[in-house]
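Trainee: I would like to go through this model and ask what lies behind the terms used for it.
Mentor: Go ahead.

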Amino acid sequence: MYDVSIIGGGLGGLSLSIQMAELGWKVLLIEKKEYPFHRVCGEYVATESWDFLRRIGIDDKALQLPKITQLLVSAPNGQYLESELTTGGIGISRYLLDDSLYKKALEKGVTVLTKTTVQAVYEISDYWEITTQKDTYMSKSVVGAFGKRSNLDHKLNRSYLSDSKSRLNHFVAVKYHLKGNFDDPKIELHNFEGGYCGLSKVENDVLCMCYMVSGKVFHREGSIEALEENILQKNPFLKKYLTYTRLWKKPLSIAQIDFSKKDIIENNIPMIGDASGLIAPLCGNGMSMSMHASVIIAPLLDQFLNDKISWSEMNNAYAQQWKVHFKTRLRAGRLLQQSFGKSFITNIVLQILKGSDTATKKIISATHGEVF
Ligand SMILES: Cc1cc2nc3c(=O)[nH]c(=O)nc-3n(C[C@H](O)[C@H](O)[C@H](O)COP(=O)(O)OP(=O)(O)OC[C@H]3O[C@@H](n4cnc5c(N)ncnc54)[C@H](O)[C@@H]3O)c2cc1C
């Protein structure tokens with residue numbers, strides 16, 4: 001019998017496992033992949049997360065990670081604006097960050113099952129049964145940290161899957177690691193028809209290039225190569241970056257990303273990170289939000305395990321705090337997500353913002369949160 005079982009070992013799940021083990025609980029973390037591995041992600045970690053990451057043992061100074069303090073945004077026609085990123089962030093690959101947290105979790109005594117997929121979760125009176133392709137585990141509590149799309153969404157019959165009205169377009173995302181000239185302190189966001197592309201540095205002078213495009217435009221073009229040649233290259237910035245040396249034979253890609261609202265508590269299971277609602281990458285902070293959610297739920301789980309509150313009191317308190325911290329930010333993210341990628345609107349918006357540094361900074365700060 002475990003005290004806490006966490007399904008999914010991304011940033012949310014790993015961070016929570018470390019905190020719960022530090023509080024002295026017997027923790028099980030189940031992850032379907034094997035560390036270390038690359039993920040489709042822009043790899044810009046906002047400053048708000050770094051106090052927490054340092055607290056759980058990630059030493060950004062020793063890892064010599066690039067600090068990101070400036071923003072450049074371009075419209076599909078190549079006009080651009082530059083701004084200071086007042087709070088800013090740090091670049092680190094998911095390959096390194098997730099693997100460092102995985103090692104920390106092992107060091108703290110977390111039982112981590114990798115290459116293991118959870119198939120079903122059942123609530124049995126006062127405990128939970130978690131079934132994988134190999135075994136069944138029992139646990140006093142369970143948390144869903146299984147990301148934006150998982151087999152469990154269907155198993156749990158999650159309402160967002162049938163809510164086609166509120167669903168934003170499905171997106172496809174593609175990522176490369178590149179070598180080539182790029183100013184360390186910058187993050188660049190370049191728009192093109194149907195999407196946008198982020199570029200910023202991570203460790204070892206590597207440039208991360210990650211773009212998202214609407215499924216509609218992607219399918220019209222038919223392949224990544226055609227999309228890059230016919231659409232991305234029209235933006236003069238992207239034309240240059242697409243000639244840089246690629247460090248992998250093939251890019252990483254994922255499809256069917258959607259930004260629909262999700263329930264924070266599903267089938268009585270609290271969800272953290274993308275499993276509780278995905279933030280638009282344009283806001284640059286999904287990683288911070290998933291770690292922040294783990295910081296919110298950890299003390300509540302601790303109270304539940306110490307018999308100070310019931311499971312439903314814990315879920316209610318978590319959902320309430322989740323809304324206080326993230327609801328407005330997610331709304332801002334969804335709004336931005338809807339307007340970007342539309343060439344005409346982006347060209348106009350950039351034209352307006354170029355004349356107002358204050359408005360630009362307001363938008364940037366709406367997408368960044370407080371230190372946790
Ligand atoms: C294109 C793109 C760019 C982005 N860029 C940025 C950025 O620059 N900065 C930023 O802060 N955020 C960014 N984000 C968002 C960020 O990647 C996510 O918000 C973050 O990874 C969420 O972490 P998580 O722990 O919730 O989920 P994940 O990191 O996705 O982890 C979920 C884990 O659960 C596992 N899993 C799923 N189902 C099961 C199962 N049944 N059993 C076992 N394991 C399971 C998966 O294998 C996965 O490892 C970006 C997102 C996209 C799509």
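Mentor: Start with the ligand: helix H8 gives the largest share of the shell around the ligand, 4 residues. Keep in mind that this is a predicted model.

Trainee: What makes a residue part of the surroundings of the ligand, and how many residues surround the ligand?
Mentor: The C-beta atom, placed from the backbone, has to lie within 6 Å of the ligand. Here 40 residues surround the ligand, and the closest are Gly8, Gly10, Gly42, Gly273 and Gly286. Two or more residues each come from H1, E3, helix H4 (151-155), strand E13 (207-214) and helix H8 (286-305).

Trainee: How is the shell around the ligand divided by class?
Mentor: There are 18 nonpolar, 16 polar and 6 charged residues in the shell. Gly counts as polar under the definition, so Gly8, Gly10, Gly42, Gly273 and Gly286 belong to the polar class.

Trainee: How do you know that H1 is mostly covered?
Mentor: A residue is buried if 20 or more other C-beta atoms lie within 10 Å of its own. In H1, 11 of the 12 residues are buried. Among them are Leu11, Leu14, Ile18 and Met20.

Trainee: Against which elements do the buried residues of H1 pack?
Mentor: They pack against E1, E2, H3, E9 and H8.

Trainee: What is the expected span of H1, and what does H1 reach?
Mentor: The expected span is 1.5 Å times one less than the number of residues. For the 12 residues of H1 this is 16 Å, and the helix reaches 17 Å from its first C-alpha to its last, close to that value. Just after H1, Gly24 has a positive phi of about 95°.

Trainee: How does H3 compare with its own expected span?
Mentor: H3 covers residues 94-107 and reaches 19 Å, close to the 20 Å expected for 14 residues. Its buried residues are Arg94, Leu97, Asp98, Ser100, Leu101, Tyr102 and Ala105. Their cover includes helix H1 (11-22), strand E2 (27-30) and strand E6 (111-113). After H3 comes Gly109, with a positive phi near 95°.

Trainee: Why are E6 and E7 called edge strands?
Mentor: The open sheet has 6 strands in the order E6-E2-E1-E9-E8-E7, with mixed pairing. E6 and strand E7 (118-124) each have a single partner strand, so one side of each has no neighbour in the sheet. On average, neighbouring strands of this sheet are turned by 40° against each other, direction ignored.

Trainee: What makes E2 and E6 a pair?
Mentor: DSSP has to find at least two bridges between the strands. E2 and E6 run parallel and are joined by 3 bridges, so they pair. Leu28 has Thr111 in E6 as its bridge partner. H1 packs on this sheet, touching strand E1 (2-7), E2 and strand E9 (136-144), and its direction makes about 170° with that of E2.

Trainee: Which strands does E5 pair with, and over how many bridges?
Mentor: Strand E3 (residues 44-46) pairs with strand E5 (residues 80-91) in the antiparallel sense over 3 bridges. Ala46 stands opposite Gly89 in E5. Strand E4 (residues 67-74) is also antiparallel to E5, with 7 bridges, and Leu72 has Glu82 in E5 as its bridge partner. Both counts meet the cut-off of at least two bridges, so E3 and E4 each pair with E5.

Trainee: What lies between the strands in the hairpin of E4 and E5?
Mentor: There are 5 residues between them, and in this hairpin Gly78 takes a positive phi near 95°.

Definitions and conventions
Residues numbered from 1 in each chain as written. Predicted model: local features only at pLDDT ≥ 70, side-chain atom pairs only at ≥ 80, totals over all residues. Contact = placed C-beta atoms within 7 Å. Axes fitted to C-alpha atoms, helices over the stretch in contact; angles between N-to-C directions.
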